[in-house]
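Hi everyone, thanks for making time. I'd like to walk you through one structure today, so have a look at it while I talk.

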Amino acid sequence: MSRPPSHRPLEEGVRTDFRAAMSYGRYLDLDRLLSAQHPLSDPEHHDELLFIVQHQTSELWLKLVLHELREARALMDRDDLAPALKCLARVKAIQRTLIQQWSVLATLTPREYAEFRGALGSSSGFQSAQYRAVEFVLGNKAPAMLKVFESEPEAHALLGGLLEEPTLYDAFLRLLARAGLEVPADVLERDVRQPWEYRPDLVPVFRRIYEERDLPWGLYEACEDLVDLEDNFQEWRFRHLRTVQRTIGFKRGTGGSSGVDFLRRALDLTFFPELYAVRGEVGS
């Protein structure tokens with residue numbers, strides 16, 4: 001009986017000379033990417049690399065989330081809803097990956113983390129500019145957060161710009177108004193620098209979308225996509241809280257926050273409250 005081969009030879013035609021051609025490593029700038037992990041514990045602790053890679057990977061995904069949300073907003077501004085929903089579908093897939101990533105960091109035990117936690121100094125995920133940027137695009141505007149980034153001009157400029165721009169929800173509501181739904185004028189003209197606050201007069205607008213079958217299906221689909229996006233965001237927050245709690249208990253965060261209590265309060269934040277409130281009205 002023949003045995004399966006233990007190796008396979010290179011196929012004829014596979015390129016092996018990259019002196020004058022683009023290679024995988026150069027295209028992805030892997031030399032720089034893979035040399036960007038700099039553990040600071042002394043002597044270097046084995047598990048600090050896990051902590052760094054986990055957070056750097058999250059930042060890469062957040063970069064893509066922000067890229068997709070801004071494109072979705074631009075497409076909605078042009079009434080091009082279908083490709084905007086494709087962007088949101090991609091964001092939801094990324095969110096599921098980010099949620100699952102917490103299971104990797106959760107393999108870090110309290111003793112292991114304690115042995116290199118001091119190397120973090122005052123650094124903290126609270127200072128993630130991209131995370132704040134995503135929250136700004138979704139409606140959780142917090143002008144006071146800009147103070148955290150005064151020493152980082154690029155991050156400060158990013159958040160300052162997003163503070164002045166409409167949110168994804170603003171873009172969607174303006175699209176609904178152009179589609180003929182009765183979105184209150186003062187909602188359309190609101191100060192977009194302010195965090196979103198619940199508007200009960202929007203609930204009848206969404207009730208129409210959920211109850212009237214003659215409206216374009218895409219409007220209903222967009223509402224459900226936004227709810228999915230918020231549900232995923234809340235699950236990510238919860239998994240963050242539980243991972244922190246199992247790793248450091250109720251210690252203060254390295255950035256000065258109250259730690260678990262600070263993260264627990266974030267669970268009360270909402271981006272699209274009317275899309276949850278309407279559920280109590282549909283069919284009533």
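I'll start with the whole chain, then go through one helix, a lone charge, some salt bridges and the surface.

Before anything else, keep in mind that this is a predicted model.

Okay, the overall picture. What do we get in terms of helices and strands? The chain has 13 helices and zero strands. So reading from the N terminus, you just go alpha after alpha. The C-alpha atoms fill a box of roughly 65 × 55 × 45 Å along the principal axes. There are 284 residues, and 41% of them count as buried. If you take the contacts with a separation of 6 or more, 71% of them come from residues 24 or more positions apart. On the outside, the chain exposes about 16,700 Å², with carbon and sulfur atoms supplying 54% of that. As for charge, we have 36 positive and 44 negative, and their mean positions are 4 Å apart.

Now to a helix I'd like you to find, α6, residues 129–138. How many of its ten residues are buried? Ten of ten. That run includes charged residues, Arg132 and Glu135 among them, alongside residues such as Val134 and Phe136. And what do the buried residues of α6 pack against? They sit against α3, α7, α8 and α11. Right after α6 comes Gly139, with a positive phi near 120°.

Next, Asp47. You'll find Asp47 in the loop between α2 and α3. Asp47 is buried and yet has no salt bridge. Where is the nearest side chain of opposite charge? That's Arg111, 8.2 Å away. Setting aside neighbours within four places in sequence, Asp47 is in contact with Leu108, Glu112 and Phe116.

On to salt bridges, then. A search of the whole structure turns up 18 of them. Take Glu165 and Arg73, with their closest N and O atoms 2.8 Å apart. This pair links distant parts of the chain: Glu165 is in the loop between α7 and α8, Arg73 is in helix α3, and they are 92 residues apart. Are these two buried or exposed? Arg73 counts as buried because its relative accessibility is 10%, while Glu165, at 24%, counts as partly exposed.

Another one is Asp79 with Arg178, also listed at 2.8 Å between the closest N and O atoms. Asp79 lies in the loop between α3 and α4 and Arg178 in helix α8, so this bridge ties together parts that are 99 residues apart in sequence. Asp79 is partly exposed, at 43% relative accessible area, and Arg178 is partly exposed at 43% too.

Then there's Asp186 with Arg199, at 3.1 Å, N to O. Here Asp186 is in helix α9 and Arg199 is in the loop between α9 and α10, 13 residues apart. And some charges form a network: Lys92, Asp225 and Asp228 are linked by salt bridges.

Last stop, the surface. Met22, Tyr24, Tyr27 and Leu28 form a nonpolar patch there, with about 540 Å² of accessible area together. Leu28 is in the loop between α1 and α2, and counts as partly exposed because its relative accessibility is 37%.

And way down the sequence, Gly283 is in the segment after α13. Gly283 is exposed, with 69% relative accessible area. From Gly283 to Phe116 you go 55 Å, C-alpha to C-alpha. Phe116, remember, is one of the residues in contact with Asp47.

Methods:
Residues are numbered from 1 along each chain as its sequence is written. This is a predicted model: local features need pLDDT of at least 70, side-chain atom pairs count only at pLDDT 80 or more; totals for chains, interfaces and linings use all residues. Side-chain values use heavy atoms; hydrogens and water are left out. Patches are made of residues with over 30% relative accessible area and no salt bridge: like charges are joined within 9 Å, nonpolar side chains (Val, Leu, Ile, Met, Phe, Trp, Tyr) within 5 Å. Accessible areas come from the Shrake-Rupley method with a 1.4 Å probe; for residues, only the protein chains shown count as cover. A salt bridge is a side-chain nitrogen of Lys or Arg within 4 Å of a carboxyl oxygen of Asp or Glu. Helices (H or I, at least four residues) and strands (E, at least two) are DSSP runs, numbered from the N terminus. Buried means under 20% relative accessible area, exposed over 50%, partly exposed in between (1.4 Å probe, protein chains only). Contact means heavy atoms within 4.5 Å. Lys and Arg count as positive and Asp and Glu as negative; His and the chain ends are not counted. The place of a charge is taken as NZ of Lys, CZ of Arg, CG of Asp or CD of Glu.
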